[in-house]
Amino acid sequence: MKPGLRGTLMGAALSLPTIALGASLPYYPAVSFFAVLLGVTTGVYLGFALQDGRRSAILVETVLLLPFMLLAMAALSLNIHLLAFGFFLHGLWDLFHHARVVQTRLVPWYPPACLVFDWIVAAFIFFHWH
């Protein structure tokens, strides 16, 4: 199976229990859950950069981690829709990795998996709490 297809299927499959859990939570615990999840998904790329070992990769991933963390923290006190926006933006970050615009060395199936996961979760958050 090609890495892109494998990643797409994995991302979709992993989004389903995530959405089920998020839907079962009251509003404020759901905001906390999705805020932590946005931080975790963003932190995976930093993990790949640390494994890569190049300072340039570590710097790029660290610099881009910070706005996502700030967005997640802002959502805790403002509005869950900031998390939908954050997951959508993180999907764009996944696209940059998939297209090799960002040169961090990583497994080839991860960017499409994360992209599909991010955008399904973003759509769920937006429409469930709209």
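Reader: What makes the meeting of the side chains of Arg105 and Asp52 a salt bridge?

Author: In this predicted model, an N atom and an O atom of the two side chains lie 3.2 Å apart. The cut-off for a salt bridge between such atoms is within 4 Å, and the pair of Arg105 and Asp52 therefore qualifies. The bridge links distant parts of the chain: Arg105 belongs to the loop between α4 (81-98) and α5, whereas Asp52 belongs to helix α2, and the two are 53 residues apart.

Reader: Why are Asp52, Arg54 and Arg105 described as one network?

Author: The salt bridges share partners, and this joins Asp52, Arg54 and Arg105. Asp52 also forms a salt bridge with Arg54, where the closest N and O atoms are 2.7 Å apart. That distance is likewise within 4 Å, so the contact of Asp52 with Arg54 meets the criterion. Over the whole structure, the search finds two salt bridges.

Reader: Why do Asp52 and Arg54 receive the labels they do, buried, partly exposed or exposed?

Author: Asp52 has a relative accessible area of 13%. Buried means under 20%, and Asp52 is therefore buried. Arg54 has a relative accessible area of 27%. This value lies between the limits of 20% and 50%, so Arg54 is partly exposed.

Reader: What makes the span of helix α2 agree with its number of residues?

Author: Helix α2 covers residues 27-52, which is 26 residues, and at 1.5 Å a residue it should span 38 Å. The C-alpha atoms at its ends are 38 Å apart, and the two values therefore agree. Just after α2, Gly53 adopts a positive phi of about 90 degrees.

Reader: Why is the relation between α1 and α5 given the name it has, roughly parallel or roughly antiparallel?

Author: Helix α1 (residues 3-24) packs on helix α5 (residues 110-128) at an angle of about 30 degrees, and their axes are 7 Å apart. Angles under 35 degrees count as roughly parallel, so α1 is roughly parallel to α5. The crossing in which α1 passes α5 is right-handed. By class, 13 nonpolar, eight polar and no charged residues make up the contact of α1 with α5.

Reader: Which term follows for α2 and α5, and why?

Author: The packing angle of α2 and α5 is about 165 degrees, with 12 Å between their axes. An angle over 145 degrees counts as roughly antiparallel, and α2 and α5 are therefore roughly antiparallel to each other. Their crossing is left-handed.

Reader: What makes the description of α3 and α4 follow from their angle?

Author: Helices α3 and α4 pack at about 165 degrees, and their axes are 9 Å apart. Since the limit is over 145 degrees, α3 and α4 count as roughly antiparallel. The crossing of α3 and α4 is left-handed.

Reader: Why is Ala75 classed as it is, buried or exposed?

Author: Ala75 is placed in helix α3 (residues 55-77). Its relative accessible area is 2%, which is under 20%, and Ala75 is therefore buried. Ala75 and Phe34 are 41 residues apart along the chain, and 9.4 Å separates their C-alpha atoms.

Reader: What makes Cys114 and Ile125, both in helix α5, buried or exposed?

Author: Cys114 has a relative accessible area of 5%, which is under 20%, so Cys114 is buried. Between Cys114 and Thr42 the C-alpha distance is 9.6 Å, although the two are 72 residues apart in sequence. Ile125 has a relative accessibility of 0%, and by the same cut-off of under 20% Ile125 counts as buried. The C-alpha atoms of Ile125 and Tyr28 are separated by 13 Å, with their positions 97 residues apart along the chain.

Reader: Why does Val107 fall where it does on the scale of buried, partly exposed and exposed?

Author: Val107 lies in the loop between α4 and α5. Its relative accessible area is 31%. That value is neither under 20% nor over 50%, and Val107 is therefore partly exposed. Val107 and Gly7 are 100 residues apart in sequence, while their C-alpha atoms are 10.0 Å apart in space.

Technical notes:
Residues numbered from 1 in each chain as written. Predicted model: local features only at pLDDT ≥ 70, side-chain atom pairs only at ≥ 80, totals over all residues. Heavy atoms only, no water. Axes fitted to C-alpha atoms, helices over the stretch in contact; angles between N-to-C directions. Helix = DSSP H or I, 4+ residues; strand = E, 2+ residues; numbered from the N terminus. Parallel < 35°, antiparallel > 145°, perpendicular 65-115°, else oblique. Left-handed = near helix turned anticlockwise from the far one by under 90°. Nonpolar A, V, L, I, M, F, W, Y, C, P; charged D, E, K, R; others polar. Expected span 1.5 Å × (residues − 1). Buried < 20%, exposed > 50% of the residue type's maximum accessible area, 1.4 Å probe, protein only.
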